[in-house]
Amino acid sequence: MPLSSHVNPEDIVQRLQAAHITPAGHASALSQATSTHIQPYDSRYTSQTNIPKYKIPEQGAPGDTVFQMIRDELDLDGKPNLNLASFVGTWMEPNATQLMQENLSKNLSDADEYPAMMDMHQRCISIISHLWGVQPGEKAIGSATTGSSEAIHLGGLAMKRRWQIKRKEQGKDASKPNILMGSNAQVALEKFARYFDVEARILPVSKKSHYRLDPALVRENVDENTIGVFVILGSTYTGHYEPVEEISQILDKYQEETGIDIPIHVDAASGGFIAPFTHAGVGGSKWNFELPRVKSINVSGHKYGLVYAGLGWIIWRDQSFLPEDLIFELHYLGGTEKSFTLNFSRPGAQVIVQYYNLIHLGFDGYRSIMENCLSNARLLSQSLEATGWYTVMSDIHHPAPHKAASHAAKSIVKQAASTVGGENAGPSETSADYVAGLPVVSFGLTDEFKNKYRHIKQETISLMLRARGWIIPNYPLPPNEEKIEILRVVVRETMTFDLLEHLLTDIVEVTETLIEHDEIDLQALKKHHSRRRVRAKGDDEKNKKKEGAAKEIGKEVRSMEDGIHRAVC
Ligand SMILES: Cc1ncc(COP(=O)(O)O)c(C=O)c1O
């Protein structure tokens with residue numbers, strides 16, 4: 001949720017006057033119009049009445065009017081289904097929606113009052129633990145959270161506390177904890193470091209590391225003060241899975257050499273509900289509790305868990321990894337409840353519908369949805385590359401390295417089969433034939449295109465698609481690779497084949513329009529563009545100064561005083 005500031009209506013009026021939108025003489029009419037809602041619906045009442053927007057009205061207004069007024073204002077929002085910027089689900093089945101509506105009033109922290117809901121919470125933890133390879137003899141423990149962010153903070157906090165306890169037992173200094181992550185880390189990971197006083201060692205990513213955490217840099221940057229490594233199962237930028245097993249092996253070797261045991265927390269915000277179900281898995285390697293070094297994993301129930309916004313999960317492989325002094329025993333209305341969360345009250349309905357999804361869809365249902373998303377993402381990637389204008393940085397449309405030969409053979413058979421047996425004939429393929437990753441398509445204009453049409457900025461494509469309803473962000477890759485901008489499409493369950501066809505058509509039409517127009521025609525769009533660039537340029541200068549404060553190569557350590565952080569979500 002963004003931070004919102006209090007608004008002084010007079011400031012808005014002054015700003016508009018300063019922008020010469022209205023002559024100064026009309027200030028008082030404008031003052032009312034900008035700081036109040038003027039009611040258009042019902043001349044008997046509302047056309048005469050202004051309802052203040054930024055101060056509570058002295059008297060209330062009729063519910064129907066306010067309802068209509070709010071509804072109409074919300075029409076200005078984008079359409080969630082066309083919001084391809086977000087990993088968060090925007091659709092649930094009618095049964096699930098009904099269950100949510102019927103349970104909207106239940107508070108997840110009222111364990112005693114809602115025992116059936118709490119049972120479902122416990123069953124979800126158990127089901128997800130099994131999906132993540134819980135090991136015999138271990139007792140996994142976990143909790144629902146408001147999303148992956150809260151879950152990551154809890155996972156990080158448990159690592160920090162375990163490290164502090166161990167250091168104190170050894171009579172060593174416990175005041176300088178650090179944590180490792182790639183510069184592709186989502187804002188929640190950096191937030192953990194900042195909010196909980198841990199030095200963030202943010203390791204640069206590169207084309208060579210597939211824009212994800214570079215295992216070689218992990219070895220160079222760990223030390224006795226490292227509380228853990230955040231490894232991401234599904235980079236927010238490009239959808240690449242980070243190599244959990246490889247990093248685990250590097251840390252095994254480090255432990256052999258030094259005796260220092262560094263845990264891994266896997267941020268599987270999206271991948272935690274994709275990798276267990278898909279044929280591809282994570283491309284043949286391990287990523288979950290099968291690796292002893294992985295102590296905790298988070299996922300967003302509201303991403304590929306297919307629940308509406310407001311649900312995450314955190315699970316520790318065994319209760320021994322959750323320090324007791326972080327657990328609160330709440331004696332609440334006659335019962336005793338153990339909890340480790342950042343929030344107390346929060347909605348419980350999401351937990352109920354997570355359970356509905358797990359039971360209703362089953363393994364098969366989740367598998368077919370995830371395979372479908374990946375198949376659509378592959379199609380989009382391949383089609384974009386076929387235009388010759390775009391290059392795709394995500395890799396899920398590339399044949400899996402060990403399957404390259406069989407892939408070539410399959411496509412020959414498929415071609416032959418379609419000649420004789422129709423378009424859909426031939427051997428079917430699955431995600432296992434391709435590089436494993438999230439159903440994310442990160443793409444940009446090719447160098448040839450950029451050289452040929454120098455007046456076309458990639459951001460303009462995002463702006464023009466927005467005018468057609470599609471929300472597709474354009475942003476730079478993480479530091480070190482920030483000169484490369486990407487457009488990113490997150491393919492969710494609701495991206496049907498029909499929608500995909502429309503999207504492709506629109507991308508092609510927009511690109512053609514830009515090609516056919518010259519620099520002068522594009523001035524209107526560029527005006528907006530250049531305003532944003534000026535701001536970015538100022539920030540660049542600030543960043544350069546910060547970098548001037550000599551950061552070691554391969555290790556960017558951000559201090560807590562560095563000011564506002566910018567990140568991608
Ligand atoms: C890799 C990763 N981690 C964490 C988050 C934060 O998740 P949430 O929005 O559930 O708090 C995201 C969100 O996109 C993400 O992609």
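This is a tour of a predicted model, stop by stop, with a selection to make at each one.

**Whole chain.** Start with the protein chain coloured by secondary structure: 15 helices and 16 strands. Of its 569 residues, 36% are buried. Among contacts in the chain with a separation of 6 or more, 73% are between residues 24 or more positions apart.

**Ligand.** Select the ligand and the residues around it. The shell has 15 residues, and the closest are G147, S148, S149, A269 and S300. By type, the shell holds nine polar residues, five nonpolar and one charged.

**Y308.** Next, go to the loop that joins β8 (294-300) to β9 (312-316), and select Y308 there. Is Y308 buried or exposed? Y308 has 20 other C-beta atoms within 10 Å, and 20 or more is the criterion, so the residue counts as buried. Leaving out residues up to four places away in sequence, Y308 touches G89, M92, M100, H302 and Q350. Add W91 to the selection: the C-alpha atoms of Y308 and W91 are 7.1 Å apart, while 217 residues separate the two in sequence.

**Nonpolar core.** Now display the largest nonpolar core, a set of 117 residues. Which residues have the most contacts inside it? They are M181, F230, V231, V244 and V266. The biggest contribution to this core, 14 residues, comes from helix α10 (residues 349-386). In soluble globular proteins, nonpolar side chains tend to be buried together. Centre the view on M181, whose contacts beyond four places in sequence are L189, A200, I202, L213 and F230.

**Four-stranded sheet.** Select β12, β13, β15 and β14, which in that order form an open sheet with antiparallel pairing. At the edges are β12 (390-392) and β14 (474-476), each paired on one side only. From one strand to the next, the twist averages 40°. Then narrow the selection to β13 (residues 440-445) and β15 (residues 485-490), an antiparallel pair joined by four bridges. Within this pair, S442 is opposite R488 of β15.

**Helices on the sheet.** Keep the sheet shown and bring in two helices. Helix α13 (residues 458-467) packs on the sheet and touches β13, β14 and β15, with its direction at about 30° to that of β15. Which strands does α10 lie across? The answer is β12, β13 and β15, and α10 runs at about 140° to β12. The tour ends on α10, the helix that gives the most residues to the largest nonpolar core.

How values were computed. Residues are numbered from 1 along each chain as its sequence is written. This is a predicted model: local features need pLDDT of at least 70, side-chain atom pairs count only at pLDDT 80 or more; totals for chains, interfaces and linings use all residues. A residue is buried if 20 or more other C-beta atoms lie within 10 Å of its own, exposed if 12 or fewer, and partly exposed in between; C-beta atoms are placed from the backbone. Two residues are in contact if their C-beta atoms, placed from the backbone, lie within 7 Å. A residue is near a molecule or strand if its C-beta atom, placed from the backbone, lies within 6 Å of it. Ala, Val, Leu, Ile, Met, Phe, Trp, Tyr, Cys and Pro count as nonpolar, Asp, Glu, Lys and Arg as charged, and the others, Gly among them, as polar. A nonpolar core is a set of buried Ala, Val, Leu, Ile, Met, Phe, Trp, Tyr and Cys residues joined through C-beta atoms within 7 Å. Two strands pair if DSSP finds at least two bridges between them. Axes are lines fitted to C-alpha atoms, for helices over the stretch in contact, and angles run from 0 to 180 degrees between N-to-C directions.
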